[in-house]
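Subject: Structure handover

Hello,

Here is the structure for you to load. My notes follow below it.

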Amino acid sequence: MGPAPGVWGAAGYSFILILVGFARLSSAGHRRVWTLSLSAALGFSLCSLIFAGISAFKIGSYCILCIATYGINFFLVYMGWIARRRFHAEPFLSAWVGDLRFLWSIRRVSLPIFTLFGAVFC
């Protein structure tokens with residue numbers, strides 16, 4: 001049996017928080033990691049749609065905390081989209097590759113942080 005659903009949520013939101021932390025680095029310039037964070041938020045929102053469908057059509061009941069979480073996930077997508085527009089991001093795929101290259105260029109900082117993240121949540 002895998003981790004509890006709350007652990008998955010904490011891991012996901014922590015991942016976005018770490019990515020936004022890298023965007024604050026002065027070396028980031030306009031090459032920030034907004035596309036990666038938008039991709040993660042899109043994944044969260046897709047899961048929210050699936051869970052909302054299960055809640056509505058299979059269970060027939062609604063959870064106010066779940067609905068609030070869905071709202072937070074869609075808000076993260078909106079904020080990621082705004083950030084990409086503000087910093088004039090490249091097309092999605094090339095910006096995604098650029099974000100990964102940026103994280104690799106600061107690997108002295110990013111690798112230990114993501115290793116610790118993986119050790120805590122995996």
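Start with two aromatic residues: Trp-34 is buried, and Phe-87 is buried too. Please keep in mind that this is a predicted model.

Aromatic pairs

Trp-34 and Phe-87 pair with each other. The ring centres are 5.9 Å apart, with 10° between the planes. That makes the pair stacked, because planes under 30 degrees apart count as such. Trp-34 sits in helix α2 (residues 34-59). Phe-87 sits in the loop between α3 (64-86) and α4. The pair therefore ties together parts that are 53 residues apart in sequence.

How many aromatic pairs are there by this rule? The count comes to six. One of them joins Phe-15 and Phe-114, with ring centres 6.0 Å apart. Their planes stand at 45°, so this pair is tilted. Phe-15 belongs to helix α1 (residues 5-23) and Phe-114 to helix α5. The two are 99 residues apart, so the pair links distant parts of the chain. Phe-15 is partly exposed, at 27% relative accessibility. Phe-114 is partly exposed as well, with a relative accessible area of 22%.

Phe-15 and Phe-114 also belong to one aromatic cluster, together with Phe-22 and Phe-117.

Helices α4 and α5

Phe-114 turns up again where α5 meets α4. Helix α4 covers residues 92-105, and helix α5 covers residues 107-121. Their axes come within 5 Å and cross at roughly 100°. The two helices are therefore roughly perpendicular to each other. From α4, the contact uses Leu-103, Trp-104 and Ser-105. From α5, it uses Arg-107, Ser-110, Leu-111 and Phe-114. By class, that contact has four nonpolar, two polar and one charged residues.

Cysteines

How many disulfides does the structure hold? Zero. Take Cys-47: the closest cysteine sulfur is in Cys-66, 13 Å away, which is too far for a bond. Cys-47 is partly exposed, with a relative accessible area of 37%.

Cys-66 is in no disulfide either. The nearest sulfur to that of Cys-66 belongs to Cys-63, at 3.2 Å. A disulfide needs the sulfur atoms within 2.5 Å, so this pair does not qualify. Cys-66 is partly exposed, with a relative accessible area of 33%.

Best regards

Terms used. Residues are numbered from 1 along each chain as its sequence is written. This is a predicted model: local features need pLDDT of at least 70, side-chain atom pairs count only at pLDDT 80 or more; totals for chains, interfaces and linings use all residues. Side-chain values use heavy atoms; hydrogens and water are left out. Buried means under 20% relative accessible area, exposed over 50%, partly exposed in between (1.4 Å probe, protein chains only). Axes are lines fitted to C-alpha atoms, for helices over the stretch in contact, and angles run from 0 to 180 degrees between N-to-C directions. Helices (H or I, at least four residues) and strands (E, at least two) are DSSP runs, numbered from the N terminus. Angles under 35 degrees count as roughly parallel, over 145 as roughly antiparallel, 65 to 115 as roughly perpendicular and the rest as oblique. Contact means heavy atoms within 4.5 Å. Ala, Val, Leu, Ile, Met, Phe, Trp, Tyr, Cys and Pro count as nonpolar, Asp, Glu, Lys and Arg as charged, and the others, Gly among them, as polar. Rings of Phe, Tyr and Trp (its six-membered ring) pair if their centres lie within 6.5 Å; planes under 30 degrees apart count as stacked, over 60 as edge-to-face and the rest as tilted.
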